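Thanks for making time this morning. I would like to walk through some charged pairs and some helix packing, and then take your comments.

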Amino acid sequence: MATILPPDSDEPALPETPSRPPSPLSFVDYRYFWLARFTAVMATIAMVVVIGYQLYDTARTDYGMSIKEASFQLGLLGLFQFVPLALLTPVAGWVADRFERRSVAIFSNLIDLAIAAALGWFTWTDALTLPLLFSLAALHGVARVFSGPAMSAIAPNIVPPAVLPRAIAMSSIAWQSASVIGPAAGGLIYAAHPTSVYIFAGVLLAVSAFTISRVRPVLPPQAEVRRHPLREMADGLQFTWRERFLLGTITLDLFAVILSGATAMLPVYARDILQTGPEGLGFLRAAPAVGAAVVALGLAWRPIERNVGVKMLWAVAVFGLATMAFGLSTNLFLSLAMLALLGAADMFSVFVRGTLIQLNTPDHMRGRVSAVSGLAISASNELGEMRAGSMAAALGPVAAVVVGGAAAVGVTALWAWLFPELRRARTFEPQFKQTG
């Protein structure tokens, strides 16, 4: 590196050293954004955990279903949450690119707040039924589909590009730490007083709506030419389809989690296999987030920079192996450890994919491409629950989890062959020529 000579000096100065980018938390807008994300995720995950337990318990107790029959109802719960995501994702991405993004996120929080109020009332009056739980779960899916693209598109607008990788890692910390606290708190509060968990969630959602309102306005970017809304909705899908690296990254996570998702079976393990009740379900649901939060902290402190593609592939393979081990376990502590391991492995994949998408997508398309990525994530989770519930109805819950984990390992090997771009990715630098 060249040295700089100060005026009137015969001695060479020390070489300049590049300064480390500042922490994202040094930006006040990002602090509000981080807190809004943390509180919203804590609230919604606490609600989702309790809804799953209430649905399974209602099916077993009030409807007299067997373990296999009630497990299938959990699969249907995932399907009911996925349908609005599948139908509305193109609309949600377009909305995030055409309207003020904070307003979209606030509106989504208010929908979830209304859901929390309804669930609290029906729990208090002991009026829960399976159709009611399915309907409110579908409405929750509507709130999520609009919240995800809007929140994802806000972050790149409130921090400099050099800070964005750390901002994404710290946003993951918000998500994962909330995913640790939310399920554990939800399970414990529900066990103590069922209705109170929805009061807890409602307060957090109100805090989230207020804090995101404190972020400076994030106006939609000005595109050179505005086209028909349906045409603009299709642009995000076309952009992702054309870029093989993004396509391979997104679909790897999609199919691996569809095949290996064990989340839907956690109420079964808590109630009938490990016999830990709703308190244990909270800890089981929080365990993956514990592992993910540890990895997210490490990535925020020292983000990975080399061989990102290979590391992502290995992480997905470990995710599948840990899922298999969890499925076979009948010991609570071993089960918690395997769930923490699969959460840590999943965090690597999420970090790599999220960083690549944000750094390689034009701002005027970020909402739509984030919506495509969000659809893949949601599809993998909700359709994974449907797959697990259906397979559990036929083979039993243990076989459903173990076979799914093995399938995830197979998908990883197949994608490494189908998309050699993933293996060759060395850094987060653009892996393709932007065409959108």
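Arginine 102 is buried, at a relative accessible area of 15%, and I should say at once that what you are looking at is a predicted model. Its partner in a salt bridge is glutamate 100, with the closest N and O atoms 3.1 Å apart, and glutamate 100 also counts as buried, because its relative accessibility of 16% falls under the 20% cut-off.

Let me turn to arginine 271, which forms a salt bridge with aspartate 57, where the closest N and O atoms are 3.5 Å apart. Arginine 271 belongs to helix H9 and aspartate 57 to helix H1, so this pair ties together parts that lie 214 residues apart in sequence. Here arginine 271 is partly exposed at 25% relative accessibility, and aspartate 57 is partly exposed at 24%. Arginine 271 also forms a salt bridge with aspartate 272, at 3.3 Å between the closest N and O atoms, and aspartate 272 is partly exposed at 22%. Through shared partners, Asp57, Arg60, Arg271 and Asp272 are joined into one network, and the count for the model comes to 5 salt bridges.

How, then, does H1 cross H6? The axes of H1, residues 28-61, and H6, residues 196-213, come within 8 Å and cross at roughly 155°, which means that H1 is roughly antiparallel to H6. The crossing of H1 and H6 is left-handed, and their contact has 19 nonpolar and 5 polar residues, with no charged ones.

Finally, helix H8, residues 244-260, reaches 24 Å from its first C-alpha to its last, close to the 24 Å expected, and 14 of its 17 residues are buried.

Note on methods
Residues are numbered from 1 along each chain as its sequence is written. This is a predicted model: local features need pLDDT of at least 70, side-chain atom pairs count only at pLDDT 80 or more; totals for chains, interfaces and linings use all residues. Side-chain values use heavy atoms; hydrogens and water are left out. Axes are lines fitted to C-alpha atoms, for helices over the stretch in contact, and angles run from 0 to 180 degrees between N-to-C directions. Helices (H or I, at least four residues) and strands (E, at least two) are DSSP runs, numbered from the N terminus. Angles under 35 degrees count as roughly parallel, over 145 as roughly antiparallel, 65 to 115 as roughly perpendicular and the rest as oblique. A crossing is left-handed if the near helix is turned anticlockwise from the far one by less than a right angle, and right-handed if clockwise. Ala, Val, Leu, Ile, Met, Phe, Trp, Tyr, Cys and Pro count as nonpolar, Asp, Glu, Lys and Arg as charged, and the others, Gly among them, as polar. The expected span of a helix is 1.5 Å times one less than its number of residues. Buried means under 20% relative accessible area, exposed over 50%, partly exposed in between (1.4 Å probe, protein chains only). A salt bridge is a side-chain nitrogen of Lys or Arg within 4 Å of a carboxyl oxygen of Asp or Glu.
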